[in-house]
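Biologist: Please take a close look at the aromatic rings in this protein. I would like to know how they pair up and where they sit.

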Amino acid sequence: MRSIFSTDRWGIYISIVLALAVACRQPSRLEQALVFAGNNRAELEKVLAHYYANAADSLKYRAACFLIENMPFHYSYSGKALDDFAVEVKRYAAGHEYVPGDHTRNLSVNSFADDFPTPASSGYGRTMDSHVITSTFLINNIEQSFKIWQEQPWGTDLSFEDFCEQILPYRVADEPLQEWRALYYDYFRPKVDSICGDTCDLLTAGRAVYRIIYDSRRWIFENSTTSRHLGAETLFHCRLGDCRLMSLYAVFAFRALGIPCGVDMILQNPDKQYKQHYWNYMKDNNGVTHRFELLQKEPGENNKMNRQTGKIYRSCYGIQAGSPPYKYKAKLPAPLNDLLMTDVTHEYHEKTTLTIAVSRKRRDNGLLFLGVFNNSRWIPVTCSKIKNGKAVFDYVEPGIVYQALSYIDGKPEEEGFPVLVQPDNNHLFIKPDTACLHTMTINRKYPLPGWYQAFRHRSVGGRFEVSVDSLFTRPVTIHTHTDSLSFDYYHIKIDYPEKIEHIRYYSAPDAHVNIAEIKFISDGKALKGKVIGFDNPSGFGSDCTREAAFDGNPLTYTDSSSPDGAWVGLTLNEPAQITEIEYLYRNDDNNIREDDVYELFYFTDAGKVSLGKRTGVKNGALIYENAPSGALFILHNETRGSEERPFMYENEEQIWW
């Protein structure tokens, strides 16, 4: 998932400054923006002249100035590949209508990403707003914004500054320039009126919009499809995409009704491999911020996050004095190099301060960065100026392991030991004790996934049956699974004297089958045959068919759209006596895998140190003698996979961070 923030806005800023360096005086930001517009300058000047001529429009003139001054930092992407992609999105969404009670999943066998991948960057170009936006477009946007601000019963308490950032902007991210306000207003306003009436405050109105979205056409959630360039008009009609596009859709709907709203995000998940996560915030009549996420959490519940965040940033239209590159007047490494974001962690977490001493080799008045781990390296999520040999970081979320980083010639270098931030400010710098060694037994390279506990029941009661006919009119049970879900292979001896031709796995109750691998064995030989069973896969992807149970891939799994009664099996090529069954339930393939090569590392103040390589065995573990105590480890699979997390080892268990 890529950021809604540009990775090169600092470069745009430098270009503007250099272009105006020949001026005899320091130009105003408005003048800089007009120069940057080049041949399109006349269109922007029309907007300014339109409002400057009438004293009654002084506030609208200020709004126009705000938009134009910050316009050089905004752009969209265009090209035939993107146009074709948007058409396919609409076609796909039109064929997958809302199903009551199912808000977040598509109905197709193949995922949207399988058939319609997001176009490669070579398929489109970037178009600066300043170079193409028209006076008509900008004036219409300003007029509609002021009209909705001044006429809504909930808009009277909103300051002009909040209005400029949270209602006025004509865009949210890098989506195409489109007229969207009337489209969303005409759809949502009558529905909100029917709920709220004429005396509705901001929070009540926001909750009403949320419920309308929740109860209306479904959202087709496609986390694997970035869909980063879908515009407001496309989203209105198709409502497909990831958390980023869900948050953009909410902004269009809320702002069209004069409800102050925006996007908050994290730059890197501190406990997962994927990068950003996006959600929304809105302001009530008292200026209080309320976090919400479409289809999950409505405005006003509370601001407590249901995930680790590290640091939280807000996407803005205007340049932010609190953005790291603006604050420190320096070009920073991605993803901290955006001028249009500001740190709002204080709105979500209590104050926790982390102070890090800096080695003497670093000169004072430089910057120290704080990073979180992304599966392979530390990603900077905040920075602080070094003063008197130390850097101080405020509002750092506890319960997360961070690493201080220096950037030397643009390359990150680890500064000191990783540190576990704790709520009481008694932070733990994780220093390996190489004088106290112990033996480690390692079973996984990644923590158990969140769905594991909820799905544990999906194995209990599943059974293997044989039959004289392929319809299993009189099935005979030869084995019933009684344990909760495990990610290990099960190998069962079967004592059934007769030769059979038809054998199946019958799903546990409320389990949707959820089996990844099945092998029927006769006297040590794996049996072959025709795959039989249900023909209504759930649609979680192209790998959920009945054939997935026999494809030899532990990551694909058979998944039925029906929770009960589904089954999968084989009609054998010739009758045989079953002596063994080997099977594996749906899993994440992060247990130790047979024949894969692993390497264990631990973190020091000078980088990672290897403890050697091991080869995995089925249902086995990796044994490492002479491992240092108190260290932070990471297990790398050289053969396959990408999910890896740091862990400590305590009381013979892996403690994940």
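Modeller: Start with the whole chain, which is a predicted model. Take the contacts between residues at least 6 apart in sequence: 70% of them join residues at least 24 apart. The protein has 657 residues, and 54% of them are buried. It contains 15 helices and 34 strands. About 28,400 Å² is exposed, with carbon and sulfur atoms supplying 48% of that area.

Now the rings. A search of the whole structure turns up 41 aromatic pairs. One of them joins tryptophan 149 and phenylalanine 160. Their centres are 6.4 Å apart, and their planes meet at 40°. That angle makes the pair tilted, because only planes under 30 degrees apart count as stacked and only those over 60 as edge-to-face. Where are the two residues in the chain? Tryptophan 149 belongs to helix α8 (residues 135-151), while phenylalanine 160 belongs to helix α9 (residues 160-166). The pair therefore ties together parts that are eleven residues apart in sequence. Both tryptophan 149 and phenylalanine 160 are buried.

Next, look at tyrosine 184 and phenylalanine 236. These two form an edge-to-face pair. The distance is 5.1 Å centre to centre, and the angle between the planes is 70°. This pair links distant parts of the chain. Tyrosine 184 lies in helix α10 (residues 181-196), and phenylalanine 236 lies in helix α12 (residues 232-238). They are 52 residues apart. Tyrosine 184 is buried, and phenylalanine 236 is buried too.

Keep your eye on that spot. Tyr184 and Phe236 are part of one aromatic cluster. The other members of this cluster are Trp180, Tyr187, Phe188, Tyr249 and Phe252.

Rings can also have a charged partner. Arginine 314 lies over the face of tyrosine 281, 3.7 Å from the ring centre. Arginine 504 lies over the face of tryptophan 567, and here the distance to the ring centre is 4.8 Å.

One more aromatic residue is worth finding, this time in a pocket. The second largest pocket has a volume of about 640 Å³. It is lined by 33 residues, and Tyr489 is among the closest to its centre, along with Glu517, Glu582, Leu584 and Lys618. Three elements give two or more residues to this lining: β23 (513-522), β25 (529-533) and β28 (580-585). Strand β23 gives the most, with four residues.

Conventions. Residues are numbered from 1 along each chain as its sequence is written. This is a predicted model: local features need pLDDT of at least 70, side-chain atom pairs count only at pLDDT 80 or more; totals for chains, interfaces and linings use all residues. Side-chain values use heavy atoms; hydrogens and water are left out. Rings of Phe, Tyr and Trp (its six-membered ring) pair if their centres lie within 6.5 Å; planes under 30 degrees apart count as stacked, over 60 as edge-to-face and the rest as tilted. Buried means under 20% relative accessible area, exposed over 50%, partly exposed in between (1.4 Å probe, protein chains only). A charge sits over a ring if NZ of Lys or CZ of Arg is within 6 Å of the ring centre and within 35 degrees of the ring normal. Contact means heavy atoms within 4.5 Å. Accessible areas come from the Shrake-Rupley method with a 1.4 Å probe; for residues, only the protein chains shown count as cover. On a 1 Å grid over the protein atoms alone, a cavity is a set of points where a 1.4 Å probe fits but cannot get out, and a pocket is an open set with protein on both sides within 12 Å along at least five of seven lines; lining residues have an atom within 4 Å of a point. Grid points are joined across faces, edges and corners, and a volume is the space filled by probe spheres set on the points.
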